[in-house]
Amino acid sequence: MLDSKTTGIVAYLTWIGLLIALVAGDREGAKFHLNQALVIWLFGLLSAIPCLGWLWGIFILLCAIMGLIYAINDEEKEVPLLGSIRLLK
């Protein structure tokens with residue numbers, strides 16, 4: 001079982017990392033980062049839209065990097081624009 005800090009870090013890495021964090025990680029301790037990573041990866045699917053999608057993809061990549069840095073520093077800061085969305089209760 002992963003501790004909460006490691007769970008938060010793994011969640012931002014890839015979709016597979018998010019699944020590993022949800023299954024094997026400390027879901028209660030890292031709920032904030034799990035939620036943000038889920039929102040970032042779901043909204044990242046919008047980058048498949050032609051023309052504007054690549055701009056959105058860059059924004060999503062920056063949000064994932066910011067979230068990863070926050071998880072590494074063990075901070076619960078919201079990423080811009082998407083951070084206030086709550087999918088996990």
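Okay, let's start in the middle of things, with one histidine. If you skip the neighbours within four places in sequence, His 33 is in contact with Gly 8, Tyr 12, Gly 67, Tyr 70, Ala 71, Glu 75 and Glu 76. One thing to keep in mind as I go: this is a predicted model. His 33 itself sits in helix 3. Is His 33 buried or exposed? It counts as buried, because its relative accessibility is 6% and the cut-off for buried is under 20%.

Right, let me zoom out. How many helices and strands are there in the protein? We have 4 helices and 0 strands, and reading along the sequence you get α-α-α-α. The radius of gyration comes out at 12 Å, close to the 12 Å from the globule rule for 89 residues, so the protein is as compact as a globular protein of that length. If you take the principal axes, the C-alpha atoms fill a box of roughly 40 × 20 × 20 Å.

On burial, 35% of the 89 residues count as buried. The protein exposes about 5,300 Å², with carbon and sulfur atoms supplying 71% of that. And for the contact-map people: take the contacts with a separation of 6 or more, and residues 24 or more positions apart account for 54% of them.

Now the aromatics. The structure holds 2 aromatic pairs. One of them is Trp 15 with Trp 41: the ring centres are 6.4 Å apart and the planes are at 40°, so we call that pair tilted. Where do these two tryptophans lie? Trp 15 is in helix 2, residues 15–24, and Trp 41 is in helix 3, residues 31–44, so this pair ties together parts that are 26 residues apart in sequence. As for accessibility, Trp 15 is partly exposed at 35%, while Trp 41 is buried with a relative accessible area of 19%. With the buried cut-off at under 20%, you can see for yourselves how that label for Trp 41 came about at 19%.

Then there's Trp 56 with Phe 59. Their ring centres are 5.2 Å apart and the planes are at 40°, so that pair is tilted too. Here both residues lie in helix 4, 3 residues apart, which is about one turn of the helix. Trp 56 is partly exposed, at 21% relative accessible area, and Phe 59 is also partly exposed, at 22%.

Staying with Phe 59 for a second, it turns up again in the surroundings of a proline. Leaving out neighbours within four places in sequence, Pro 80 is in contact with Phe 59, Cys 63 and Met 66. Pro 80 lies in the segment after helix 4, and it's partly exposed, with a relative accessible area of 39%. How far apart are Pro 80 and Leu 62 in space? C-alpha to C-alpha, they are 9.7 Å apart, with their positions 18 residues apart in sequence.

Leu 62 brings me to the surface. Leu 52, Trp 54, Leu 55, Ile 58, Leu 61, Leu 62, Ile 65 and Ile 69 form a nonpolar patch there, and together they have about 820 Å² of accessible area. Take Ile 65 as one member of that patch: it's in helix 4, residues 53–72, and at 41% relative accessibility it counts as partly exposed.

Last topic, charges. The count of salt bridges comes to 3.

First up, Lys 31 and Glu 28, whose side chains meet at 3.5 Å, N to O. Lys 31 is partly exposed at 26%, whereas Glu 28 is exposed, with a relative accessible area of 61%.

Next, Glu 75 and Lys 77, with 4.0 Å from N to O. Glu 75 is partly exposed at 28%, and Lys 77 is partly exposed at 41%. You've met Glu 75 already, by the way, among the contacts of His 33.

And then Arg 86 with Glu 78, at 2.9 Å, N to O. Arg 86 is partly exposed, with 39% relative accessible area, and Glu 78 is partly exposed at 41%.

That's what I have. Over to you.

Terms used
Residues numbered from 1 in each chain as written. Predicted model: local features only at pLDDT ≥ 70, side-chain atom pairs only at ≥ 80, totals over all residues. Heavy atoms only, no water. Patch = residues over 30% accessible without salt bridge, like charges linked within 9 Å, V, L, I, M, F, W, Y side chains within 5 Å. Areas by Shrake-Rupley, 256 points an atom, 1.4 Å probe, with all protein chains shown as cover. Buried < 20%, exposed > 50% of the residue type's maximum accessible area, 1.4 Å probe, protein only. Rg over C-alpha atoms; globule rule 2.2 N^0.38 Å. Contact = heavy atoms within 4.5 Å. Phe/Tyr/Trp six-rings, centres within 6.5 Å; stacked < 30°, edge-to-face > 60°.
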